[in-house]
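Trainee: Could you take me through one part of this protein slowly? I would like to look at the cysteines first and then see what else is there.

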Amino acid sequence: MARKDEIKSAYKSLGKAHSFYDGMMTGTTLLGRLMDKAVWQMDGDDLLEYQSEAFAAIPADFDGKLLEVPVGTGVLSMPVFKTLPKADITCLDYSEKMMASAEQRAKEMNITNVSFRQGDVGNLPFDDECFDAVVSLNGFHAFPDKEAAFSETNRVLKKGGIFCGCFYVKNANSHTDKIINSIYVKKGFFTPPFDTVESLRERLEKMYAEVRVSNVQSIAYFQCVK
């Protein structure tokens with residue numbers, strides 16, 4: 001089974017919604033599915049596609065040090081971390097409330113190789129080149145200082161390490177762009193400026209030796225090697 005298919009299987013069997021946010025991220029609740037269609041014009045298969053692609057660069061036998069930032073509620077990452085029993089995983093988030101939810105989820109799923117730490121992606125509390133992989137799911141569109149976030153995630157990653165994840169990009173779906181700008185930005189959920197698929201690829205190619213970028217509607221996913 002390909003790694004991407006393994007991850008899809010993990011999401012289908014282990015992803016559980018504890019809140020409205022979780023339901024929207026996973027499409028596992030009726031209201032979540034309605035929001036995914038109304039805002040993102042995505043169905044369950046679309047969600048699984050970009051989420052599995054965002055994580056597929058991390059092999060099943062990965063046994064190095066991995067940083068996830070931000071962890072959020074862990075609804076998208078814990079099912080995959082369950083498939084990485086040899087990894088040494090650190091989950092960081094600025095929101096202690098979100099991180100507490102992720103920590104509870106890890107306990108429920110009996111994931112014991114994960115630790116949690118509060119912190120700012122713009123000033124990561126780690127040494128240079130100390131992680132073998134850095135994962136960021138749906139975070140960069142909310143970070144207020146994106147330049148610092150890109151710089152810091154690169155700084156803590158070892159040469160030859162993997163940087164992968166996903167986030168919102170503009171100009172891929174005009175319907176979604178209108179909702180993001182009229183609601184999500186005004187409410188403070190998302191913070192401009194936003195990359196396009198093309199500008200994200202150009203940015204990452206300046207920082208990483210190998211880069212793959214694609215998208216499902218307005219969510220870009222990326223897989224990079226430093």
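Trainee: Is Cys91 buried or exposed?

Mentor: Happy to help, and please keep in mind that this is a predicted model. Cys91 counts as buried, because its relative accessibility is 0%, and the cut-off for buried is under 20%.

Next, let us look for partners. A disulfide is a covalent bond between the sulfur atoms of two cysteines. This structure holds zero disulfides. Cys91 is in none, and the nearest cysteine sulfur, which belongs to Cys164, is 13 Å away. A pair would have to lie within 2.5 Å to count, so Cys91 does not qualify. Cys164 is in no disulfide either: its nearest cysteine sulfur is that of Cys224, 8.4 Å away. Like the residue you asked about, Cys164 is buried, with a relative accessible area of 0%.

Now turn to the largest pocket, which has a volume of about 900 Å³. Of the 41 residues lining this pocket, those closest to its centre are Tyr21, Asn138, His141, Ala142 and Phe189. Strand S2 (88-93) supplies at least two residues of the lining, as do helices H2 (20-26), H3 (30-40) and H4 (44-55). H2 gives the most, with four residues. By type, the lining divides into 26 nonpolar, ten polar and five charged residues.

Finally, find Lys82 in the loop between helix H5 (78-81) and S2. Lys82 is partly exposed, with a relative accessible area of 37%. Its C-alpha atom is separated by 8.3 Å from that of Asn110, although the two residues are 28 apart along the chain.

Conventions. Residues numbered from 1 in each chain as written. Predicted model: local features only at pLDDT ≥ 70, side-chain atom pairs only at ≥ 80, totals over all residues. Heavy atoms only, no water. 1 Å grid on protein atoms, 1.4 Å probe; cavity = no way out; pocket = protein on both sides within 12 Å on 5 of 7 lines; lining within 4 Å. Points joined across faces, edges and corners; volume = space filled by probe spheres on them. Nonpolar A, V, L, I, M, F, W, Y, C, P; charged D, E, K, R; others polar. Buried < 20%, exposed > 50% of the residue type's maximum accessible area, 1.4 Å probe, protein only.
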